[in-house]
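Please look over the sequence and the model shown here before reading on; the paragraphs after it go through some of its strands and helices in turn.

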Amino acid sequence: MTKEQQVVLVPDYLTVREVAELIDSSPIDVMKTLIANGIMASINQQIDFDTAAIVIGEMGYEAKSQSALEAEKAEQQRAEEMTRKWEQMYKGEKPEDLEPRPSVITILGHVDHGKTTLIDTIRKANVADGEAGGITQHIGAYQVKHDNQTITFLDTPGHEAFTAMRARGAQGADIAILVVAADDGVMPTTREALNHARAANVPIVVAITKVDKDNANPDLVKQQLAELELIPDEWDGDTMMIPIAALEGDGIDDLLEALILVAEEHDFAANPIGTVRGVVLESEVDKFKGTLATLLVMNGTLKVGDSIVAGTSYGRVKAMYDEHGKKIKSAPPSTPVSVLGLNNPPEPGDRFERVKNDKVARAIAQELIEEQAVKAHKPVEALSLEDIFKQFRAGQAKQLNLILKVDVQGSLQPIVDGLEKISGANEEGIQVRVLAADVGSISESDVMLASAGDAEADKAIIIAFNTIVADSAKKQAETHGVEIRNYNVIYKLFEDIELALEGMLDPKYEAKIIGQAEVRQIFSISRVGKVAGSYMKEGEAQRRSKARISRRGKVLGENLEIDALKRFNEDVSEVRTGFEFGVSFVNFNDIEEGDIIEFFVMERVR
């Protein structure tokens, strides 16, 4: 490649010195070129990309925007992810059979920023005139009409519910509305909600609420969101931000119009005569009707009389009700319905599917119950950095998802930049995707975000840099199989990520003490050596475990292999607290009464 053809990646802002370093030139020459173009700038003065591009072009190079390339790469990843989710939901359907369907909307944001008021306003504005009692039944979702187009809203605000559905394998929503109050601005919960929406790869529309308040500052909200890389369309970004005064109803039509525009751009489609599939939104047991489940049909048309299986629940649809409590006989794609007829309440987020008959539905549900019973007795293995590379090799993973939490703001950007650099330099093809990066301790919300995904390979690994992990988050991580890695040296963090991406990171193990015993009598047996007659003070001893022997605080034997473990001359696999037993060790006989034996197993460090 000649000098004239060489491409240089240029950030949005950089100093004159940095321009010179990029093209391996003298700062003086760069300054002369700037002066020739009517720009006076010192060696440490910042210039923008457009100005730098002029200089770089005149000096024989081609400048390309680093941020534009990163945005293009992120959009490509988002498109690939949406394609994969589409294939999962509509597998088996022919493209020519697909028809446009209403978009499904979820509303996320901080608890006091007006989500509920916004939902109420949208619903009331769309209740038919003269309808008895207005909204007669709450079924967790509802539909509205705007410009002769239908929009489906999930009436389950909160990123916890949204992410819990993703964790159970259901996307649920097509578009997320991020609600931010104009008088309060972006809050930590707002950032969390944004991270959860981004992790789900759904397009985002911002509703800036409470703009009618005296201390409202919509421009500040836009600036704060821009700093989180959510750029308003009026600032040449791709995110529509709609000002709203929900109590008065101002801006509601604009918001609905924005949702329709985004839906048209993404072409949400389904096959109304195809396989009936969807997701469970809510469920309850009505004391008069029995089990009621709110279902969102995503493909096909659900009808009264259909046999369905939803997670471990099954049954025949005896009756269906719309959001107003009116009985209906069929529900096409993107329609929320309350269904009567399942044997027990399914879990929100469970996928449902129509099957041939009740017998098939019962068999599928029973098979899943048995699978879950087996899993319940097995500990959930955390997906480690090493595992990610193995899954990539097997074609199951395309990227390494990370959640980063650090102690101070100054550490955040250097680590994010370093991770992006590692991702770009990785020749294997697996990319690093930072789902969330923030300051503070590891919380349950972080673990929930890490555990959510349509497949095991979608799970994220949490990186804690000089910060603590809340006890509740540790428990959640163990329950959901999420790995949390702690670092206090930045180069070690980068080193581990690099090694993981190259498939060279070896798993680490550490000793876990499972029991402690005291030697009370020594027996000498020919051909065996010394046998320690011992008492199990706490925990247990296992035949497969290793041992450490100490005398008056001094370790005499380390990592000893057990030769025999006996009770009353019978070989046993384990001995528990409160029992006497005999134990001998391979090639170790330095045992005396009063010695302490610690039994341990080697466990993989998570």
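Are the residues on the two faces of strand β16 (residues 307–310) buried or exposed? Ser307 and Val309 on one side are buried, as are Ile308 and Ala310 on the other, and both faces are thus covered; buried stands for under 20% relative accessible area, exposed for over 50% and partly exposed for what lies in between, with a 1.4 Å probe and protein chains only. The model is predicted, so that local features need pLDDT of at least 70 and side-chain atom pairs count only at pLDDT 80 or more, while totals for chains, interfaces and linings use all residues. Residues are numbered from 1 along each chain as its sequence is written, and side-chain values use heavy atoms, leaving out hydrogens and water.

Strands (E, at least two residues) and helices (H or I, at least four) are DSSP runs numbered from the N terminus, and two strands pair if DSSP finds at least two bridges between them. Strand β16 runs antiparallel to β17 (residues 313–321), to which 4 bridges join it, and Val309 stands opposite Tyr314 of β17. The hairpin of these strands has 2 residues between them, and Gly311 there takes a positive phi near 65°. β16 is also joined by 4 bridges to the antiparallel strand β21 (residues 351–355), where Val355 is the bridge partner of Ser307.

Elsewhere, an open sheet of 6 strands has the order β7-β8-β6-β9-β10-β11 with mixed pairing. Its edge strands, β7 (141–146) and β11 (241–243), each pair on one side only.

Helix α13 (residues 444–451) is largely enclosed by the rest of the structure, because 6 of its 8 residues are buried, among them Val447 and Leu449.
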